[in-house]
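Trainee: I'd like to go through some of the labels used for this structure. Could you take them one at a time with me?

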Amino acid sequence: MSTEQTTTGGNGGRQVAAPPDGGVAFQAADGTGVGIIVRDRADRALQTQDMTLNVGPQHPATHGVLRVVVTLDGEMIESAEPVIGYMHRSFEKLAEYRDYRQIIALVNRHDWVSSICNELGVALVVEKQMGLEVPERATWIRMLMAEWTRVLNHLMFVGSYPLELGAITPMFYAFREREEIQALMEWITGGRLHLTYCRVGGLKQDLPRGALQLSRDLVPRLRKRVKEYETLVLGNEIFAARTKGIGVLPADVACSYGVSGASLHASGVPEDARKTEPYLFYDQVSFDVPTGRNGDCYDRFAVLVARIKESLNIIEQVHERIPPGPVATKLPKVVRAPAGHAYVRAENPLGQLSYYMVSHNEKTPWRFKMRTPSFNNVSALPYLLKGTLVPDMIAVMGSVFFIVGDIDR
């Protein structure tokens, strides 16, 4: 025998006696009958269905024309598959139909915020194959420009990453600094985005009068402003809550995917070609490779900021080491690399960038291959996104620094 207990529901109905299966029944206010039955037995499993969601290829969370196919169980990501190739322009095949000096203008464009570093790698691999001796002054200036490019690249991500999490102010700050650096680089090279300043055997031209002093003046201003990022972003409790413990990438997993750059350093692996396989004159300057402890989104951003400070340290040392002299080696009108192959590994702002070139003693390479950092960094996304919530997807993807053109080269 049971007694019916009646209560008024929030919608004007009344709750009647529980059905025999343990649910809760609500009767409509007009007495027309039972309208809703809610079953809340603890031993009754909630039935769900996976959903496949296409994020991109045009989406604010994808940093460009990248598509990520995610399988969701509610708000939990069960799997994620990056789909690339929407911007494929066949840089490597185009390079095989270009003169060695023309390739430099071509590779400016696959990672459009690291142009000097891209073209530097091409010059190094051709010079290695040809056995060219680059003037000392040109080598030091190359280092100066490469480190300013590194700072320029990092500021782009330092400003855009908090923006994706809802903080707009760091973007304004970052572009304030970027404009000052780009003014310096435009004065030196004549360009703002695709600089094409390196040449096989040296540089396009010498530093203009006053450029070195402007570079010297810029370092302390930027060093002071980097502290603002640490206070404004890294010291922000909302930013910490959105990034700490999110998107953890262990060191062994990072190495197995071939991740490099800040994403690898944040996992505690100090692999940097400037240290482990020095090129230019990096073995003659003192700097550290910042590393993180947890390998999460917070550490990846913190390492990026720390890398800016280390680049400023290198730039300061380069200022005092640039000697007088020529900035280019005389070359014949038609440049031919001897038959054979050459390989060069360099540390780009986004990570390891390697060039492999095969020559048949012609004025164009027989084979030209690039190993870009963005491709391997993106390959770790399936591991990073699995088991995370949809709101954390943007935080994770934004912390794995890549340029889509660098993937779809």
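Trainee: Why does Arg225 count as buried?

Mentor: Arg225 has 18% relative accessibility, and buried means under 20% relative accessible area, with exposed over 50% and partly exposed in between (1.4 Å probe, protein chains only). Therefore Arg225 counts as buried. Bear in mind that this is a predicted model, where local features need pLDDT of at least 70, side-chain atom pairs count only at pLDDT 80 or more, and totals for chains, interfaces and linings use all residues. Residues are numbered from 1 along each chain as its sequence is written, and side-chain values use heavy atoms, leaving out hydrogens and water.

Trainee: What makes the pairing of the side chains of Arg225 and Glu177 a polar contact?

Mentor: Their distance is 3.0 Å. A polar contact is a pair of N or O atoms within 3.5 Å; within protein, one must be able to donate a hydrogen and the other to accept it, and residues adjacent in sequence count only if both atoms are side-chain atoms. The pair of Arg225 and Glu177 is therefore listed as a polar contact.

Trainee: Which residues is Arg225 in contact with, leaving aside its neighbours within four places in sequence?

Mentor: They are Arg176, Glu177 and Glu180, where contact means heavy atoms within 4.5 Å.

Trainee: What makes helix α14 mostly covered?

Mentor: In α14, residues 390–399, 7 of the 10 residues are buried. Among them are Asp392, Met393 and Val396. The name helix is for DSSP runs (H or I, at least four residues), numbered from the N terminus.

Methods
Helix = DSSP H or I, 4+ residues; strand = E, 2+ residues; numbered from the N terminus.
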